[in-house]
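Student: I have a model open and would like to understand how its descriptive labels are justified. Could we work through some of them together?

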Amino acid sequence: MAILFGVHFNDKKLVSRALTSFYGIGPIIAQRLMAKFSIYKLAKVGNLNDKQVTTLAEELSGMTIENDLRRQLVQNIQRLRDMSSYRGRRHAMGLPVRGQRTRSQIVTARKLNQVERRG
């Protein structure tokens, strides 16, 4: 078991998959991180040496991921709602925000706009 940024990963898991398991890191960012630290794209977490693990952890600690990113997203939506902008009202009503059609596809439109709306 390898520990990366406080999360235990199986030694046989690909590093790219381990990185994309963090909220806010997609395949492109994971690929860029691996290229930055010279990690082979099919490398497994168990094959990383201690120096690579620490440098990855330092890089991840400097990024906005996981709970910080979720909190930032909720705060942005709350800011839109507080200033009662068009987008904020659409978020509050549970309707699509980015111009999707609602006349005939309201169920699909509501699915497109699902974000946690607390507060």
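Tutor: Let us begin with a cut-off: a residue is called exposed when its relative accessible area is over 50%, buried when it is under 20%, and partly exposed in between. Keep in mind that this is a predicted model, with a mean pLDDT of 87 for the protein.

Student: Which residues of H3 are exposed on the face turned away from its buried side?

Tutor: That face carries Asp-50, Lys-51, Glu-58, Ser-61 and Gly-62, whereas Gln-52, Leu-56 and Leu-60 of H3 are buried. Seen down the axis of H3, the buried residues fall within an arc of 65°, so they line one face of the helix. They pack against strand S1 (2-4), helix H1 (15-20) and helix H2 (27-36).

Student: What makes the pair Glu-59 and Lys-36 a salt bridge?

Tutor: The cut-off is a side-chain nitrogen of Lys or Arg within 4 Å of a carboxyl oxygen of Asp or Glu; the side chains of Glu-59 and Lys-36 meet at 3.2 Å, N to O, so the pair satisfies the definition. Glu-59 lies in helix H3 and Lys-36 in helix H2, so this salt bridge ties together parts that are 23 residues apart in sequence.

Student: Why is Lys-36 called exposed, and why does Glu-59 count as partly exposed?

Tutor: Lys-36 has a relative accessible area of 51%, which is over 50%, so the word exposed applies. Glu-59, at 25%, falls between the 20% and 50% limits, and is therefore partly exposed.

Conventions:
Residues numbered from 1 in each chain as written. Predicted model: local features only at pLDDT ≥ 70, side-chain atom pairs only at ≥ 80, totals over all residues. Heavy atoms only, no water. Buried < 20%, exposed > 50% of the residue type's maximum accessible area, 1.4 Å probe, protein only. Helix = DSSP H or I, 4+ residues; strand = E, 2+ residues; numbered from the N terminus. Arc of directions from axis to C-beta. Contact = heavy atoms within 4.5 Å. pLDDT = per-residue confidence, 0-100.
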